[in-house]
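Open the model in your viewer and keep the selection tool at hand, as this tour moves from one end of a helix along its length and then on to a pair of helices.

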Amino acid sequence: MNILLVAINSKYIHSNPAVFSLKACTGAYQPYVSIAEFTINQPAAFLIREIYQRQPAVIAFSCYIWNRTMIGQIIPDLQKILPGTDIWAGGPEVSYCAMETVQQWHLRGVLAGPGEGTFCRLVSAYVDGTASQLPAVMDGSHIPKPAFNEIPFWYPDLLKPDSPSDFEHRILYYESSRGCPFSCSYCLSSIDKAVEFRDTARVCQELDFFLQHKVRQVKFIDRTFNCKKGHALPILQYIASHDNGVTNFHFEMAADLLDEDYFAVFKKLRPGAVQLEIGIQSTCPETIDEIDRQMDIDKTMAVIRRLAALQNIHVHVDLIAGLPFENLPTFQRSFEDVYALRPHQLQLGFLKVLKGSPMETRAPLYRLVYSSLPPYEVLATKWLSYDDVCRLKQIEEMVEVYYNSGQFVHTLSYLCHYFDSPYAMYESLADWYEKHRLTSIQPSRIRRYEILLEFGMAHITAASRTADLRTGNAALAGLPEYGNAALAGLCRPGNTVIQAHAALTEYLIYDLYLREHMKNRPAFAPPQERWKGAIYNLLHQEAQTHAIFPELAGCNYRELTKAIHTEVFLHLFGHPAAVLFSYKKRDPLTNNGTAFIIHGFTP
């Protein structure tokens, strides 16, 4: 008897904790259960062939919004080539339309709701020969299931040589609590407010497994990890005191629940040991009230600023477009509010109307129109037209490419002073992509730098024709890596268009070499021939003393020239300065290399 659990993930680096948990809960029946993991990026024909070759007697698909379409595509062909195989489905994507899914896909049945108890019953029925008695819809809420704290830890078996998956370079998911006490109307967790917690001592013991194996990233899938301080704080304290220098732990947290006890732990963390995802969703009070979200927005903003000041925690902040009472102007305000916090990542997401969620019930009230296909994203609302949604989609792409990549930090800060707001800058950049037909292609990394330079120069030139160049809406922020004071005023009155273009170019070059160890010099970088002698002398001295980069002490002059890059800037600091970029040590929060500035550099 071969019962095959099939997971189809959105990316290779992702794993599916559900299928491993389900297998772990089958106890003595585990030998009858096998697991197959795929991704939605693989051809349907490949999945069909791989599943067929395993000759399963039963197939059980783990269904989510990202894989429902592909599962629907491959089931008909599987039924043709495996006519004697029973096919089941489970997961949030089918739990709230179970009988409809059974009929649509001609399934043997659906496992609705919590899966550990129902799947164990399903497996035992097939092994014991009583599967014909199983109903078409097995409701997990009515079937005894193991207490959440008793669900076995399934990872030890997954790192054995015969493991069904290679987890060395993948994200491992972990669950220390299940459920959420909050009632956000767009979330399925709002349906059942019951929260179960895994015993803290057991959690810490299981985290030891990740720490000992030096897993790169462990992502907690708890809906709100810090909803119970007595549970969350000891776990964070354990992570801080048992850091292995490698593993990163990701948590979704409510910022307004963080207090001094949490910050006492945060201050001790190695940079990069923890990253936090904080859902703000909107800063419009009417919207927050309407979606039943409990959040102190002022405290949330203050906490995020305080987290940023620590400079050791990667902060990811979410916004959702398409929520009730939010139109373009109010969403723009939400964007500006969050952008001002300068999170490492700003995810501009779009409302997904999930099956079974309160938002689905309220959709007619909001004149909420959404796609019939997964992931059921908003198309229009009473407050946002479809044109508005398309506009925000374009801006989302620009934010993802230029802000969230972290590759253009200083260039964007400089360019922003020539716009009324950051939102206006990304909107204008989206127009540039549309005008030059760049939206349908995927530019290379270096081409993205070139596009930003072309866009910035064109905007600065156009602005100079109608008014003086901006004198800066605020003081230019200095290069944050070194904490130096605000840079020389590159936007000061009297600057010419040529000077502004030169400054923009140098910002871009600085960003480029801070992140990329380029072998070939970019076409937009000015020649450095006049500085060759001075750079030669500088590197020879460094090869002898290693005073700037002691971590490269084993490198001679020739090796040093390959390990670092030296660039001379004429405008960036108000005077000629050489910057040495090293890539031996990278910032764990930004992935940037290390740079050292030599002011007053002369040929």
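Begin by selecting D296 together with D298: in this predicted model, D296 caps the N-terminal end of α11, with a side-chain oxygen placed 3.3 Å from the backbone nitrogen of D298.

Next, select the whole of helix α11, residues 297-310, and check its length: at 1.5 Å a residue its 14 residues should span 20 Å, and the end C-alpha atoms are indeed 20 Å apart, which agrees. Within α11, now pick out T300, M301, V303, I304 and L307, which are buried. Looking down the axis of α11, you will find that its buried residues fall within an arc of 165 degrees, so they line one face of the helix. The general reason for such a pattern is that an α-helix has 3.6 residues a turn, so residues three or four places apart point the same way.

What do the buried residues of α11 pack against? Adding α9 (260-266), β12 (274-281), β13 (314-321) and α12 (328-339) to the selection shows their packing partners. Turn then to the face of α11 directed away from its buried side, where the exposed residues D298 and A309 are found, and continue to Q311, which follows α11 and has a positive phi, near 60 degrees.

For the last stop, select helix α3 (residues 68-81) and helix α5 (residues 98-105), whose axes come within 10 Å and cross at roughly 45 degrees. That crossing angle makes α3 oblique to α5. To display the contact, show R68, I71, G72, I75 and Q79 of α3 with T101, Q104 and W105 of α5.

Terms used. Residues numbered from 1 in each chain as written. Predicted model: local features only at pLDDT ≥ 70, side-chain atom pairs only at ≥ 80, totals over all residues. Heavy atoms only, no water. Helix = DSSP H or I, 4+ residues; strand = E, 2+ residues; numbered from the N terminus. Expected span 1.5 Å × (residues − 1). Buried < 20%, exposed > 50% of the residue type's maximum accessible area, 1.4 Å probe, protein only. Arc of directions from axis to C-beta. Contact = heavy atoms within 4.5 Å. Polar contact = N/O pair within 3.5 Å; in protein donor to acceptor, adjacent residues only side chain to side chain. Axes fitted to C-alpha atoms, helices over the stretch in contact; angles between N-to-C directions. Parallel < 35°, antiparallel > 145°, perpendicular 65-115°, else oblique.
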